[in-house]
Structures are given as C-alpha cells and as structure tokens.
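Visitor: Could you take me on a close look at a single part of this protein, and then show me how it sits among the rest? I work at the bench, so please spell out the cut-offs as you go.

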Amino acid sequence: SFMFDKEIEAPNYNDDEATLKKKRNTSLKAKAMYSHAFSRSNLDVETQFGYTPSVQKYLTPSAQDLDADLDKYNVAGKVEYKANLLKPTSANQVKVGVGTNFNYTFGDDDVTYRSLEYKDAAENSIETHNHTSFVQPFAYAEAKLGKFRMKVQSEYQVHRYDIYEHENEFTGTSRDFTGQAIVEWHLHPSHALRLVGVRTLQRPSESQMYPFMVYNPAATNYVKGNEDLTPALTKEVRLDYIADLRWGDHQLHYDVNVSYKDVDDMIETSAVTGSTPSDGLGASLPYLTYVNHGENDILSGNVMALYSYKAFSVSLTGNIFHNKQVMLGGNNHYTYYNVSFNPHFNLKDGWQGSFGLTYYSSVNTDVSTLGNCTQVSVLIGRRWRNFYVYALARQALKKNVVDLTESSDGQTWFEHKYELVPNMSAIGVKYLF
C-alpha cells in the first residue's frame with residue numbers, strides 16, 4: 001500500500017491577524033508499506049515493512065522559519081502458536097497460545113531553522129538518528145464453557161532505544177508487565193454481558209527521556225528530557241452489554257458500556273526557572289522538562305450502534321466522560337461528550353463512499369475553557385481488480401473561547417469566534433496479491 005497526505009496545523013486562538021497571515025504549518029507525508037501473513041497448522045505469522053518520508057514546513061509566530069526532513073523505516077510482526085487442550089465441541093473448548101510481537105524502527109531527522117527577523121541570520125541545524133525496538137512476548141488461555149467465555153492474557157515488554165544528536169548519545173532499556181482478563185456471559189444467542197479488566201502502561205517517549213538540552217524552534221523554548229521517568233500505569237474495569245440482531249437483510253449491532261479508569265504517574269510538562277543558552281536573539285529562556293506527577297480518574301459511558309442493510313450501513317456513537325485530575329497546575333473536574341454519525345455506501349462497479357460527522361462538546365475545566373468543535377470527513381474509494389484507490393478529506397469548524405480580560409465590575413468576559421480548519425487530506429492506493 002502507498003499513502004500520501006497533507007496536514008495543516010490549526011492556528012492558535014490568540015493569534016493576531018499578522019501572525020495568521022504568516023503562520024502556515026504544514027506537513028507532507030508519504031507512506032509505503034508491505035504486509036504478509038500466513039498460517040501453518042497451529043502457527044500464525046504476520047510481517048510488515050514500512051517506509052515513511054515526510055517534510056515539514058513551519059512559519060511560526062516567533063519569527064522562526066523551520067524546515068524538517070524526516071525519514072523513518074519500520075519492521076514489525078507477530079508470531080503466535082496456539083493449541084486446543086480439549087477436543088472442540090459445540091459447548092466446550094479450551095485453548096492456549098504463546099507468541100511475541102516485535103517492532104524495530106530507525107530513522108534520521110534533519111531540521112534547519114533561522115530567524116525571520118534578521119536578513120543575515122545564520123541557519124542552525126539539528127541532526128538526530130533514532131533507533132528504537134521492542135519485543136513483546138505474550139501467553140494466554142481462553143475457554144468456552146457453555147454460556148461463558150473467559151480469557152486471561154499476560155504480556156512482557158522489552159523496549160530499547162538509542163538516540164544520537166550531534167555529539168550526544170542516549171540509550172536505555174525499559175521492561176514492563178501488562179495483562180487483561182475477560183469474562184463473557186451469553187444470556188441469549190444474540191445478547192451477552194462482558195466484564196473486562198485491563199492493566200496497561202504508557203511508556204515515556206524517547207524525546208521525553210532524552211537528558212540533554214534541546215532548543216525547539218517551532219515552540220521557541222528549550223526542552224530537557226528526564227531519564228528517570230517511569231511509565232504511566234492505567235487500570236481499567238469495563239462492563240459491556242452487547243447485542244447482535246438479524247431479520248432478513250437487516251442487521252443491528254449495538255454495544256452499551258460503562259468503564260472506570262485509574263491513571264497513576266501521568267507524565268506532565270514542568271517549567272524550570274534558570275538560565276539556558278541564548279536563543280540566538282539575545283534572550284535567555286527558562287526550559288521545560290517532564291515529570292511523573294499527574295493522576296486521573298475517568299468515569300465514562302459509551303453507546304455504539306451499527307445498522308446495515310445490503311450495501312448500506314450507518315453507525316452512531318456517543319461517549320460521555322467525567323474526569324478528575326490531580327496535576328501540577330492544580331486540580332481539574334470536568335465533563336465532556338462527543339457524538340459521531342457515519343454512513344457508508346457500497347456502490348456499483350466497486351465504488352465505495354463514506355461520510356463522517358463528529359461533534360465534540362466544549363470543555364470547562366477549573367483552570368481553562370475550550371470551545372466545541374465539529375469535524376466533517378469524506379472518503380471515496382474504488383476497488384479495481386487487485387487495486388484499491390481512495391481519497392480522504394477532513395475539515396473542522398472550531399469554536400475558540402478566549403478569556404480576554406476582567407471588566408470594570410470584576411467579571412471575566414470571553415470572545416467566541418469560529419474558524420474553518422482544513423486539517424488533513426490524503427490519497428492512497430493498496431495492491432492486494
């Protein structure tokens with residue numbers, strides 16, 4: 001498969017008119033990927049090879065001109081061996097499996113930036129070489145006993161990274177355990193209750209752990225990673241009610257669930273006061289670093305319904321979240337929701353089309369207010385012999401809420417403005433053989 005896409009970064013809500021005219025942050029990206037999978041008896045093997053070159057162009061409000069050439073190569077795959085412990089019957093079955101996921105990514109980043117305020121300003125460059133890899137062995141057992149389905153899986157991740165920038169080098173290895181347990185009770189052939197418990201880890205990125213001072217020209221600040229960061233731990237419990245209904249050519253699937261997530265040791269950005277190297281314009285700036293501090297409790301409810309009839313299908317999804325956060329900047333309590341509507345058509349001669357409409361509610365936290373957003377996407381594709389060609393466009397209408405000032409009577413007043421943000425377009429082709 002091959003994909004080419006263009007993304008345009010949305011302006012900030014407080015950009016003035018002069019900034020908006022010169023701020024054009026765009027990214028052009030191509031992606032080529034080859035995938036292959038096969039099965040032999042109880043053995044399943046999947047492989048994937050990818051190459052992603054991209055070019056980024058920034059004209060930033062800080063009067064910095066930034067060009068970046070990024071090349072990334074990726075090799076990934078999965079090997080799994082599974083076996084049945086009992087002779088399969090219509091009512092009972094026990095299966096075990098072992099295997100591993102693997103991923104190796106390497107690439108080069110070449111970034112050039114200069115000041116736009118001075119005609120004779122010298123160019124500065126940053127060259128970074130990245131090598132990251134992880135191996136994730138896993139083991140699981142699943143059983144089908146009458147009306148019950150059960151599965152327990154444990155995973156062990158080993159993540160290795162090597163980063164080289166000029167004369168600096170940073171290497172490290174992390175090891176993490178994750179797992180999940182699922183119990184499903186089939187009340188009826190078309191209805192089921194499912195209880196899921198999951199333990200996951202979100203590792204800090206290599207850039208967040210890179211322990212050297214780096215100047216970020218796009219954001220006009222210095223950033224220094226923290227090599228002592230630990231993964232953020234998420235524990236989740238979810239209860240689902242699932243139904244699959246069929247009558248004639250009609251089919252309706254829906255899933256209603258409630259979940260609770262407890263996230264500990266969230267990674268946050270922290271400003272550090274103190275001197276840093278000159279930014280090239282004669283100023284000395286504080287720098288940013290990363291710390292484990294935040295906690296987040298999330299209670300959510302979700303509804304998903306999918307209706308299909310012959311060549312037509314439509315899905316409707318609604319989510320509501322209540323967050324309770326403990327962070328460096330203070331505590332936050334807020335509730336928000338989103339709703340999406342997605343019809344899909346299979347037309348004659350291999351043509352396919354889909355339309356997406358998603359509404360994101362405004363978010364009123366204890367420390368800030370974010371406006372609502374409506375996103376529209378259109379996808380058109382066609383299957384022709386072994387080829388599948390598609391085009392995608394996505395636009396967003398965003399409401400920005402700006403806290404301007406306090407009026408004479410001490411009340412804070414806000415400005416609301418809407419802007420159309422064309423944030424992505426892409427074309428792609430897949431060849432299946």
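Guide: Let's start with Glu236, which lies in strand 12 (residues 232-247); strands here are DSSP runs of E with at least two residues, helices are runs of H or I with at least four, and both are numbered from the N terminus. Glu236 is buried, at a relative accessible area of 17%. Buried means under 20% relative accessible area, exposed means over 50%, and partly exposed is in between, using a 1.4 Å probe and protein chains only. Once neighbours within four places in sequence are set aside, Glu236 is in contact with Val196, Gly197 and Val198, and also with Ser259, Tyr260 and Lys261. Contact means heavy atoms within 4.5 Å.

Before we move on, a word on what you are looking at: this is a predicted model, in which local features need pLDDT of at least 70 and side-chain atom pairs count only at pLDDT 80 or more, while totals for chains, interfaces and linings use all residues. Residues are numbered from 1 along each chain as its sequence is written, and side-chain values use heavy atoms, with hydrogens and water left out.

Another acidic residue to visit is Asp176, in strand 8 (residues 168-188). Asp176 is buried but has no salt bridge, and its nearest side chain of opposite charge, Arg203, is 4.0 Å away. A salt bridge here is a side-chain nitrogen of Lys or Arg within 4 Å of a carboxyl oxygen of Asp or Glu. For charge, Lys and Arg count as positive and Asp and Glu as negative, with His and the chain ends not counted; the place of a charge is NZ of Lys, CZ of Arg, CG of Asp or CD of Glu. Beyond residues up to four places away in sequence, Asp176 touches Glu155, Tyr156, Gln157, Leu201, Arg203 and Pro231.

Now to Tyr388, whose place is in strand 21. Tyr388 counts as buried, at 18% relative accessibility. Tyr388 and Val429 are 41 residues apart in sequence, yet 5.6 Å apart in space from C-alpha to C-alpha. Apart from neighbours within four places, the contacts of Tyr388 include Gln352, Leu379, Arg382 and Val429.

Arg382 also leads us to Gly350, in the loop between strand 16 (330-346) and strand 17 (351-360). The C-alpha atoms of Gly350 and Arg382 are separated by 5.2 Å, with their positions 32 residues apart along the chain. Gly350 touches Gly381, Arg382 and Arg383, not counting residues up to four places away, and is partly exposed at 27%.

Next come two backbone details. Arg385, in the loop between strand 20 (373-384) and strand 21 (387-406), has a positive phi of about 55° although it is not a glycine; at 67% relative accessibility, Arg385 counts as exposed. Asp265, in strand 13 (residues 250-272), also has a positive phi, near 60°, and is partly exposed at 37%.

Stepping back, the protein has two helices and 22 strands. Buried residues make up 31% of its 433 residues. Of the contacts between residues at least 6 apart in sequence, 55% join residues at least 24 apart.
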